[in-house]
Every structure is written in C-alpha cells, then in structure tokens.
Amino acid sequence: MAEGEFDLINHYFATSKQPSRSDVILSIGDDCAITQLKPNQRLAITTDTMVENSHFYPDIPPRALGYKAIATNLSDLAAMGARPAWVSLALTLPKIDTYWLSEFSQGMFDILNQYNVTLIGGDTTKGPIPTITITAHGILGDYALRRDQAKVEDWIYVTGQLGDALAGFYLSRDRQQGRKSAVANQENFFIQRNLYPVPRVEFGQVLAQHYLANAAMDLSDGLMGDLMHILERSHKSAVLNLENLPISPQLEAYYGREEAERMALQGGEDYELCFTVSDEQQAKLEQYLTPLNVPYTCIGRIIQQNSLQPIQLQRYNQKIELDIQSFDHFK
C-alpha cells in the first residue's frame, strides 16, 4: 500500500528517532506543538527555505541535504547567541522516494541529536520541485547578538576559514554539468565543506553570555554582503585588511592567493560568524573563546559611516579596489 502523508511522517520523522526534551509538552501528531519557556527566557525564531536548483543540485546526497537544511538554521540561531531547542519541517516533494526520505531524515537527525534539538512538527505536501523549509527556535538569556549594535572602533572578527564553501559550490556545479578535473581529492575537500557546514552554536552562546560582541551575524551570502547588513543596520562603515582574511591552505593552493581572497570576500554558505568587539572586550576573547577550539581572526575595524565607500579594502595599508558581488537569491 502506498504511503500517505501521515504514514510518511510517522515512518521517517517520528519523535522516537530523537531524544525527548523536558520543555516539549506536545510534539508531532497534533495540530500544534507545545513547548515551555522559563520566566527568564526569550525565544529566537528563524526560517529558511531551500529550493532545488536554486540552493542545491538534484544529485546532492540526501543525507547531506538533511544535515545542511538544519545546519543553516542553527547557524542563524548561533548568530544571535541563542541555544537551539526545536525545529519544524515543511517538505515538498514530487513523489515519495523511500531511499531519499530515509537518508534525508537520517541527515537531519544526525545534527539534531548532536545539538539536542527536537523536531516538533511541520508539514509534507506534493509539488513539482523539492523544497525544504525549516523553522528553528532557540532560547535566549538577557542579551542577544544583533546586527544594529556595531560601534566605531570595534574590531571585526570572523570564525573559521572563508571561501571553501563557495569553491565547493562551483565544483559541484561543474560536476553537475559533466566537467571534472584531475585533482578530485582537492575538489572533494571543498565539496564537503559546502555540504557539511559547522554551525558555531557554542561560540555564539559564549559571545552572548559574556557580552563579548556588540554586533554579529552568520555568513551565508558572503563576507562583503553580510557585513554590509551590519553596517547598514548600525549606520557605520568598515575597513578590511585582505592579508588577514582566514583562507585555508587548500583554497590558496588551488586558486592562488588573490583569487582565494576574492572568494573569501564573495563567499556564501560558509556559515561562519562575523562579529564586532570593542577594545575593552577584546582582551577577554582569549579567556572565554580558547576553550572552544574554534579559530577566530581579526580582519578589520568599524569606522564612521561613509556612504560613498561603506567597505574599504586594503592590503598592508594600501587601498585595494575590487568588484565583489555577494549572493542574491533574485540575481
């Protein structure tokens, strides 16, 4: 007998596949889920949609897609300093493919269980194009990281390394179009970086809990484009030092330094954190962040607003002009 909507939910997304949380009062199986907050807690909510051929190619491993759909939303919560708690899933598919669903759901639970997050509900429907929408909920204390609080003379930091995920996107596209190179091992490194981003969940929480950062956001559309969101919301500008961009040895070896810098700036899908820190708080970073074993790099500084040149690029104190286009869903 063919599986229907409720069979599909029970088979692949049942609560028995994940650990229970004491703050989940009612989960999958009713019209709404019910969760509970303590009096001193606030709720952070984010929603993200992924559409085939816009955000992922049809040949993406379904387990990687399930993982990434969750990771991108946890990254948004990390950028606010929230502790992820619950997610819901809206899934549109043209047909029921049992292997695809099994792998996709397992990829979701791989990362949900890693961060003790519960899938509490959602919707499944039939449609012409595979589409995945995740709504994630996180718990905040009394301080949230925001985009609109950058201050003049703040230092600009990023976690991890930038540009690898964009390289992986390009190489995945080339493979999709039948083009392969002779350096498959290097290509696989970049593709894995694109498929399996690491949300900086604990890092964001530490930034918020110890009031270390004034402003923050995650890097999903590229450093230049995403930093602009902080600058616009905070009414500030920035100077970036290209020599300080954290670039992996693999990216520099594959593309050369200057092209690697361009990819780090253009980026997209790195899902690292960009955050600004005052002089006073900068001295505390090592104390609180070193135990996390997550690399972080100072790449520039916030300056007074300059509407003609909101982001100034320099290399070893020499001004550099580059035309960088960040990712835009409608371009």
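Author: Strands are DSSP runs of E at least two residues long, numbered from the N terminus. This model is predicted.

Reader: Where is the place of Asp-48?
Author: UniProt, in an unreviewed entry, puts Asp-48 under a "binding site" annotation. Asp-48 belongs to a DSSP run of E, so its place is named as a strand. That strand is β3.

Reader: Is Asp-48 buried, partly exposed or exposed?
Author: Buried needs under 20% relative accessible area, and exposed needs over 50%. Asp-48 has 26% relative accessibility. That value falls between the cut-offs, so Asp-48 counts as partly exposed.

Reader: Which residue joins its side chain to that of Asp-48 in a polar contact of 3.4 Å?
Author: Outside four places in sequence, Asp-48 is in contact with Thr-72, Asn-73, Ile-132, Thr-133 and Ile-134. A polar contact between side chains, 3.4 Å in length, picks out one of these partners. The partner is Thr-72.

Reader: The UniProt "binding site" annotation covers Asp-48 and which other residue?
Author: The annotation comes from an unreviewed entry and covers two aspartates. They span 29 residues in sequence, yet no two of their C-alpha atoms are more than 9.3 Å apart, so they gather at one spot. The other residue is Asp-76.

Reader: In which helix is the place of Asp-76?
Author: Asp-76 has a relative accessible area of 23%, so it is partly exposed. Leaving out residues up to four places away in sequence, Asp-76 touches Thr-46 and Asp-218. Its helix covers residues 62–80 and is α2.

Reader: Which residues does UniProt list for "binding site" along with Thr-46?
Author: The record is an unreviewed entry. Its list holds Thr-46 together with two aspartates. Those are Asp-31 and Asp-76.

Reader: Is Asp-31 buried or exposed?
Author: Asp-31 sits in the loop between β1 (24–26) and β2 (34–35). Its relative accessibility is 75%. The cut-off is over 50%, so Asp-31 counts as exposed.

Reader: Is Thr-46 buried or exposed?
Author: Thr-46 is in strand β3, residues 42–51. Beyond four places in sequence, it touches Asn-73, Asp-76, Leu-77, Ile-134, Thr-135 and Ala-136. Its relative accessibility is 13%, under the 20% cut-off, so Thr-46 counts as buried.

Reader: With which side chain does the side chain of Thr-46 make a polar contact?
Author: Thr-46 has six residues listed among its contacts, including Asn-73 and Asp-76. A 3.1 Å polar contact runs from its side chain to one of the listed binding-site aspartates. The partner is Asp-76.

Reader: Which residues make the nonpolar surface patch of about 240 Å²?
Author: One member is Leu-26, in strand β1. At 31% relative accessibility Leu-26 is partly exposed, and patch residues need over 30%, so Leu-26 qualifies on that count. The patch is made by Ile-25, Leu-26 and Ile-34.

Reader: How many salt bridges does the count come to?
Author: Side chains of opposite charge can pair when their charged atoms come close. One example is Asp-148 with Arg-146, whose closest N and O atoms are 2.6 Å apart. The count comes to ten.

Reader: Which helices does the pair Arg-193 and Asp-164 link?
Author: Their side chains meet in a salt bridge, 3.1 Å from N to O. The two residues are 29 apart, and the pair links distant parts of the chain. Arg-193 is partly exposed at 28%, whereas Asp-164 is buried at 0%. The helices are α5 (residues 184–195) and α4 (residues 164–176).

Reader: Which residues are joined into one network by salt bridges that share partners?
Author: Glu-261 and Arg-257 meet in a 2.9 Å salt bridge. Both lie in helix α9, four residues apart, about one turn of the helix; Glu-261 is buried at 2%, while Arg-257 is partly exposed at 26%. The network joins Glu-252, Arg-257, Glu-261 and Arg-315.

Reader: Which residue takes a positive phi just after α9?
Author: Helix α9 covers residues 257–266. Its buried residues include Met-263 and Leu-265. Just after the helix, phi is about 45° at Gly-267.

Methods. Residues are numbered from 1 along each chain as its sequence is written. This is a predicted model: local features need pLDDT of at least 70, side-chain atom pairs count only at pLDDT 80 or more; totals for chains, interfaces and linings use all residues. Side-chain values use heavy atoms; hydrogens and water are left out. UniProt positions are given in the numbering used here, feature names are shortened, and annotations may be inferred rather than shown by experiment. Buried means under 20% relative accessible area, exposed over 50%, partly exposed in between (1.4 Å probe, protein chains only). Contact means heavy atoms within 4.5 Å. A polar contact is a pair of N or O atoms within 3.5 Å; within protein, one must be able to donate a hydrogen and the other to accept it, and residues adjacent in sequence count only if both atoms are side-chain atoms. Patches are made of residues with over 30% relative accessible area and no salt bridge: like charges are joined within 9 Å, nonpolar side chains (Val, Leu, Ile, Met, Phe, Trp, Tyr) within 5 Å. Accessible areas come from the Shrake-Rupley method with a 1.4 Å probe; for residues, only the protein chains shown count as cover. A salt bridge is a side-chain nitrogen of Lys or Arg within 4 Å of a carboxyl oxygen of Asp or Glu.
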